[in-house]
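Got your viewer open and a selection box ready? Load the model below, and let's walk through it stop by stop.

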Amino acid sequence: MHNRINRSCCFLIGFALLLLVGCGARHDADEKYVLVSANIHLPYWQAAGAGFIQAASQMKVHAEFVGPETYDPKAEQAEFERVVKTKPSGILVAPANPELMRADIDAAIAAGIPVITMDADSPASKRLIFIGTNSYQAGVMGAKVAAKEMHGKGNVVVFTMPGQTNLDDRLRGYRDTFASSPQIKIARVVDIAGNPRVAFDTASQIVGKEKDKVDAFVCLEALAGKEVAEVLTRYNVKDKTILAMDTDPETLDWIKKGVIAATIAQKPYTMSYVGLTMLDNLHHNPPLSLQKDWTADPVAPIPAFIDTGAALVDKSSVDTFLAAQQSAAGSHK
């Protein structure tokens with residue numbers, strides 16, 4: 001079954017990429033697509049923006065990458081509302097708060113604007129497709145490494161942002177996997193609210209007062225891992241496990257140094273690249289209704305979910321990952 005799912009996802013992505021071939025001539029001069037994020041300055045979102053702009057360049061359409069410069073769900077919502085008023089040909093959005101964005105996504109769909117979510121979903125909205133990582137499986141992947149590093153026992157502190165669907169799914173993956181190791185306990189879940197300082201200060205407090213009570217730090221988003229690594233290094237603590245998320249340069253450097261055990265690499269470039277091709281197809285070949293729930297339709301013209309995949313990066317694979325990353329960056333210059 002897993003192989004069949006992977007083949008189906010590969011087919012869908014391959015189909016989307018084929019839409020790029022020879023499609024420049026069919027576009028109107030005012031055709032425009034927009035990617036909306038909640039924190040555009042993060043390396044993760046810079047990679048997503050690059051994928052979006054690259055696809056737009058190849059298709060010869062206008063594209064914008066917009067959103068607040070620091071984590072701010074309400075500012076993201078305001079930017080989404082502004083974008084809808086400009087009547088773009090399609091919107092790709094990563095909802096930091098799925099319920100906050102729900103009515104706005106539905107309003108865009110009602111106005112005839114195709115909306116696809118990426119990275120984080122708003123599943124109760126009328127968005128057409130979700131493109132991103134299978135976050136539950138990413139949590140399972142990280143939990144297996146953590147359990148091995150902890151030798152099947154110990155207390156875990158989790159850094160996250162509750163309410164964001166992808167992070168909640170990752171935490172569920174960790175919890176379910178840890179259930180088979182009853183001596184591993186999630187002692188505390190910390191909401192960093194998009195602020196890396198919260199992760200730094202909390203880790204400092206733990207190292208200063210509760211060091212013997214915590215064995216591992218699990219970071220479900222990109223900001224916390226490097227902060228925890230910095231704290232443990234400053235205090236010369238060497239017997240704790242850190243699991244990170246995403247592949248910004250500082251995180252990879254801490255893996256090379258052996259401070260972070262591993263991180264989960266996602267594909268934000270691929271998410272946005274494929275997202276734009278799918279939006280373009282929805283604009284030129286719309287389904288009978290944008291407002292229909294296609295998920296239960298056995299002959300739906302669009303998929304409900306496109307899994308772009310994830311990979312584990314640890315000390316044994318970080319150099320290979322960096323080499324591949326640099327090679328990819330060179331090929332897109």
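This tour goes through two sheets, the core and a handful of salt bridges. Keep in mind that you're looking at a predicted model.

**Stop 1: the parallel sheet**

Start by selecting the strands β2, β1, β3, β4, β5 and β11; in that order, these 6 strands make an open sheet with parallel pairing. The edges are β2 (62-66) and β11 (305-307), each of which pairs on one side only. Look along the sheet and you'll see the twist, which averages 20 degrees from one strand to the next.

**Stop 2: strand β1 and its partners**

Now zoom in on β1, residues 32-36. How many of the residues of β1 are buried? The count is 5 of the 5, so β1 is largely enclosed by the rest of the structure. Color its two faces separately: K32, V34 and V36 sit on one side, Y33 and L35 on the other, and all are buried.

On to the neighbours. β1 and β3 (residues 90-93) run parallel and are joined by 4 bridges. To see where the two strands line up, pick L35, which stands opposite L92 in β3. Then turn to β2, which also runs parallel to β1, with 5 bridges between them. Here, select K32 and H62, which are bridge partners. Follow the backbone from β1 through helix α2 (residues 43-59) into β2, and you've traced a right-handed β-α-β crossover.

**Stop 3: helices on the sheet**

Show helix α10, residues 268-284, as a cartoon. Helix α10 lies across β1, β3, β4, β5 (129-132) and β11, and runs at about 170 degrees to β4.

While you're in the helices, click on S135, which lies in helix α5 (residues 135-149). Is S135 buried or exposed? Its relative accessibility is 5%, and since anything under 20% counts as buried, S135 is buried. Expand the selection by contacts, leaving out residues up to four places away in sequence, and you'll pick up N166, D169 and R170.

**Stop 4: the core**

Next, switch to side chains. The largest nonpolar core has 91 residues, and the ones that touch the most other members are F80, I91, I129 and F159. Take F80 as your centre. Which residues does F80 contact beyond its neighbours within four places in sequence? The answer is V36, I91, V93, M101, D104, I105, A108 and V115. One of these, V36, is a residue you met among the buried ones of β1.

**Stop 5: the mixed sheet**

Hide the parallel sheet and select β7, β6, β8, β9, β10 and β12. These 6 strands, in that order, form an open sheet too, with mixed pairing. The edge strands are β7 (184-191) and β12 (311-314), each pairing on one side only. The twist here averages 20 degrees from one strand to the next.

Inside this sheet, go to β9 (residues 241-245) and β10 (residues 262-265), which run parallel with 3 bridges between them. The pair to label is L243 and A262, which stand opposite each other. Then bring up helix α7 (residues 196-209), which packs on the sheet and touches β6 (154-160), β7 and β8 (216-219). The direction of α7 makes about 135 degrees with that of β7.

**Stop 6: salt bridges**

Finally, select the charged side chains. The whole structure holds 12 salt bridges, and here are a few to try your distance tool on.

- E99 and R102: their side chains meet at 3.4 Å, N to O. Why are they about one helical turn apart? Because they are 3 residues apart in helix α4 (residues 98-110). R102 is partly exposed, at 34% relative accessible area.
- D319 and K256: the closest N and O atoms of this salt bridge are 3.1 Å apart. The pair links distant parts of the chain, with D319 in helix α11 (residues 318-331) and K256 in helix α9 (residues 249-256), 63 residues apart. Both ends are partly exposed: D319 at 49% relative accessibility and K256 at 39%.
- K292 and D297: the closest N and O atoms are 3.0 Å apart. K292 is partly exposed, at 38% relative accessibility.
- K226, D248 and E250: select these together, as they are linked in a network of salt bridges.

Terms used
Residues numbered from 1 in each chain as written. Predicted model: local features only at pLDDT ≥ 70, side-chain atom pairs only at ≥ 80, totals over all residues. Heavy atoms only, no water. Salt bridge = Lys/Arg side-chain N within 4 Å of Asp/Glu carboxyl O. Buried < 20%, exposed > 50% of the residue type's maximum accessible area, 1.4 Å probe, protein only. Core = buried A, V, L, I, M, F, W, Y, C linked by side-chain atoms within 4.5 Å. Contact = heavy atoms within 4.5 Å. Pairing = 2+ DSSP bridges. Axes fitted to C-alpha atoms, helices over the stretch in contact; angles between N-to-C directions. Right-handed = clockwise from strand over helix to strand, strands pointing away.
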